[in-house]
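Subject: Structure for your review

Dear colleague,

Please find below the structure that I am handing over to you. I would ask you to keep it open while you read the notes that follow.

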Amino acid sequence: MKTIYIHETHTLYADSGELHLCSDQGEVVFNMQTLFNDLPSITKLCIEEQDKNKNYILEEIKKTIK
C-alpha cells in the first residue's frame, strides 16, 4: 500500500458519485457512499486531534506567559 501525505488541497469536487481531493502530491478519490458512511468516525477523529493540538498550544502559551 502506498501512502500519500496531503498537506492541503487546491481542488475539491464531486463527480459521478465520487469525491475528488486534488493536491500537488496527487489526487485522492473517495466513493461518496463509503465516505458518507465513514463521516461519523472521520469527524470524531478530526475533533479529537484538533483538541489535542489546541491543548498543546494553550499549554505552550501558559509556559510562555510564566
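Which residue in β3 does Glu18 stand opposite? The residue is Asn31. Before going further, please note that this is a predicted model.

The sheet

The residues just named belong to an open sheet of 3 strands, which has the order β1-β2-β3 and antiparallel pairing. As general background, strands of a sheet pair through backbone hydrogen bonds, and the pairing is either parallel or antiparallel.

β1 (11-15) and β3 (26-31) stand at the edges of this sheet. Each of these two strands has a single partner strand, so one side of each is left without a neighbour in the sheet. On average, neighbouring strands are turned by 20 degrees against each other, with direction ignored.

Helix α1, which covers residues 32-65, packs on the sheet and touches β1, β2 and β3. The direction of helix α1 makes about 80 degrees with that of β3.

The strand pairs

β1 pairs with β2 (residues 18-23) in the antiparallel sense, over 5 bridges. Within this pair, Thr11 has Cys22 in β2 as its bridge partner, and Asp15 stands opposite Glu18 in β2. Glu18 thus appears in both pairs, since Glu18 also stands opposite Asn31 in β3.

The pairing of β2 with β3 is antiparallel as well, over 6 bridges. A hairpin through 2 residues joins β2 to β3. β1 and β2 also form a hairpin, with 2 residues between them.

The turn at Ser16

Where is Ser16 placed? Ser16 lies in the loop between β1 and β2. Its phi is positive, at about 55 degrees, although Ser16 is not a glycine. This deserves a remark because most residues other than glycine have a negative phi.

Is Ser16 buried or exposed? Ser16 has a relative accessible area of 68%. A residue counts as exposed over 50%, and Ser16 is therefore exposed.

A patch on the surface

Which residues make the nonpolar surface patch of about 510 Å²? They are Tyr56, Ile57, Leu58, Ile61 and Ile65. One of them, Tyr56, has its place in helix α1, the helix that packs on the sheet.

I suggest that you begin with Glu18 and its partners on the two sides, Asp15 in one pair and Asn31 in the other.

With kind regards

Definitions and conventions:
Residues numbered from 1 in each chain as written. Predicted model: local features only at pLDDT ≥ 70, side-chain atom pairs only at ≥ 80, totals over all residues. Heavy atoms only, no water. Pairing = 2+ DSSP bridges. Helix = DSSP H or I, 4+ residues; strand = E, 2+ residues; numbered from the N terminus. Axes fitted to C-alpha atoms, helices over the stretch in contact; angles between N-to-C directions. Contact = heavy atoms within 4.5 Å. Buried < 20%, exposed > 50% of the residue type's maximum accessible area, 1.4 Å probe, protein only. Patch = residues over 30% accessible without salt bridge, like charges linked within 9 Å, V, L, I, M, F, W, Y side chains within 5 Å. Areas by Shrake-Rupley, 256 points an atom, 1.4 Å probe, with all protein chains shown as cover. Salt bridge = Lys/Arg side-chain N within 4 Å of Asp/Glu carboxyl O.
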